[in-house]
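Dear colleague,

I am handing over the structure we spoke about, which you will find just below. Please open it before reading on, since the notes that follow are meant to be read beside it.

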Amino acid sequence: MSDVAVAPGRPLTLGGYQVWPPVVLAPMAGITNVGFRRLCREQGGGIYVCEMITTRALVERNPKTLHMIAFGDDEKPRSLQLYGTDPEITAAAVRIVVERNLADHIDLNFGCPVPKVTRRGGGAALPWRRRLFARLVRAAVDAAAPAGVPVTVKMRKGIDDDHLTYVEAGLAAQEAGVAAVALHGRTAAQRYSGTADWDAIATLKQALDVPVLGNGDIWEADDALRMVAHTGVDGVVVGRGCLGRPWLFADLEAAFNGRSERRLPTLGEVAVTMRRHAELLVDQFVAAARTPARGERDGCADFRKHVAWYLKGFPVGGELRRSLAMIESLAQLDDLLGKLDPTEPFPMTALGQPRGRTNSPGKVFLPDGWLASRDDDAVPEGAEMDDSGG
Ligand SMILES: Cc1cc2nc3c(=O)[nH]c(=O)nc-3n(C[C@H](O)[C@H](O)[C@H](O)COP(=O)(O)O)c2cc1C
């Protein structure tokens, strides 16, 4: 049951789209593939962003990347995240998306804190180079505009507390013509540690006229309402909170519609969801595989990483957990799920708790001289990546 007063909600306007509830599934590499997105979409409304695609891989027509750009027939708007560091390559990638009608919405990733990315000036390091950032966002917006495809940016607060960029970058993105700006309330140095700074999200909301989306630490539907109440944001972006809990999107829809019911599935109901998730992944991988058997194995392998999240807090023995995390077929999965006690109630201790990545803060690796050259708008060397989804 909810104890939070419902903020009167408006749909999120994203270019020509009206999104209700104003909820976005955060792009998560290795997670938000077409199967996972369908599972979440079966629960509630919103926008569900696919895994990150690198602009270079798209321009080079990398087969793995092209395959990752997959959407359900009923996915609308089809939402694609691009990672790029070079305005020209980014514009070329956006033109491909538009000309081949691959997506209806493009999000640009400026939030990645991974050392191999920031060390080359990409991801969360890039907004520091304000002229390059503005040029890149404008290049994407201009390439998408003829097709009416809205472009958004997703970013962090900055590199660290001494090098904050979010307000300036938000204003620059707005000036460049983006449809919305999403802020994850952490710096790159924080990675996934500590708590997200919702005050910073409120500050950005105050500063911009375009819709602002708040991201960070929405573990329960009521957290989303609290974030809206605290910051005034136009929508929320939900990442780790839905890992092993796709029904969070049903709760979010209920919450934004002023209803107080929240899902507390029994272990039996969780097992049904696990089966559905695995089946959707198998369907996805079979479509790409040389043989159905290979597709089933790949789909089951992709499912394994989700097992611990689904079972978090439930009293399930180590051996059964380990076996579930090693499945190779749906038959094996069915057999193991049959060993769970379906009447086991949902563990209340798992509510409101962080899940997924919660690593410690760390040094942000940057190219030499990066911090001293804010107005250098040269494209950093070697920052384009050719592998998508990571
Ligand atoms: C496994 C994983 C993969 C992620 N991959 C991406 C990505 O490809 N692009 C991106 O912009 N953010 C990515 N993120 C960050 C999330 O989109 C989100 O900003 C972050 O998890 C904070 O939101 P949360 O507190 O709701 O999880 C990833 C996060 C996780 C946990």
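The notes below begin with the ligand and then turn to the backbone and to two residue pairs.

Please keep in mind throughout that this is a predicted model.

The ligand occupies the space of the largest pocket, and 17 residues surround it, the closest of them being Gln 81, Lys 154, Asn 215, Asp 217 and Arg 240. Sorted by class, this shell is made up of seven nonpolar, six polar and four charged residues. Two side chains offer polar atoms to nitrogen atoms of the ligand: that of Gln 81 has such an atom 2.7 Å from a ligand nitrogen, and that of Asn 109 has one at 3.2 Å. Gly 239 contributes through its backbone, where an N or O atom lies 2.8 Å from an oxygen atom of the ligand. The protein covers 94% of the 610 Å² of accessible area that the ligand has on its own.

Asp 217, one of the closest residues to the ligand, also deserves a look for its backbone, as its phi is near 70°, a positive value in a residue other than glycine. Asp 217 is found in the loop between strand 9 (212-215) and helix 9 (221-231), and Asp 217 counts as buried because its relative accessible area of 12% is under 20%. Arg 191, likewise a residue other than glycine, has a positive phi, near 50°, and its place is in the loop between strand 8 (180-184) and helix 8 (198-207).

There are also cis peptide bonds to note. The bond from Trp 20 to Pro 21 is cis, with omega near -10°, and Pro 21 sits in the loop between strand 2 (17-19) and strand 3 (23-25). The bond from Lys 76 to Pro 77 is cis as well, with omega near -5°, and Pro 77 belongs to the loop between helix 3 (63-68) and strand 5 (79-83).

Lastly, here are the two pairs. Thr 13, which lies in strand 1 (residues 12-14) and is partly exposed at a relative accessible area of 35%, is 221 residues from Asp 234 in sequence, while their C-alpha atoms are 8.4 Å apart in space. Arg 38, which lies in helix 1 (residues 34-41) and is partly exposed at 26%, is 114 residues from Thr 152 in sequence, with 22 Å between their C-alpha atoms.

With best wishes

Key. Residues numbered from 1 in each chain as written. Predicted model: local features only at pLDDT ≥ 70, side-chain atom pairs only at ≥ 80, totals over all residues. Heavy atoms only, no water. Near = heavy atom within 4 Å. Polar contact = N/O pair within 3.5 Å; in protein donor to acceptor, adjacent residues only side chain to side chain. Areas by Shrake-Rupley, 256 points an atom, 1.4 Å probe, with all protein chains shown as cover. 1 Å grid on protein atoms, 1.4 Å probe; cavity = no way out; pocket = protein on both sides within 12 Å on 5 of 7 lines; lining within 4 Å. Sits in = over half its atoms within 2 Å of the grid points. Nonpolar A, V, L, I, M, F, W, Y, C, P; charged D, E, K, R; others polar. Helix = DSSP H or I, 4+ residues; strand = E, 2+ residues; numbered from the N terminus. Buried < 20%, exposed > 50% of the residue type's maximum accessible area, 1.4 Å probe, protein only.
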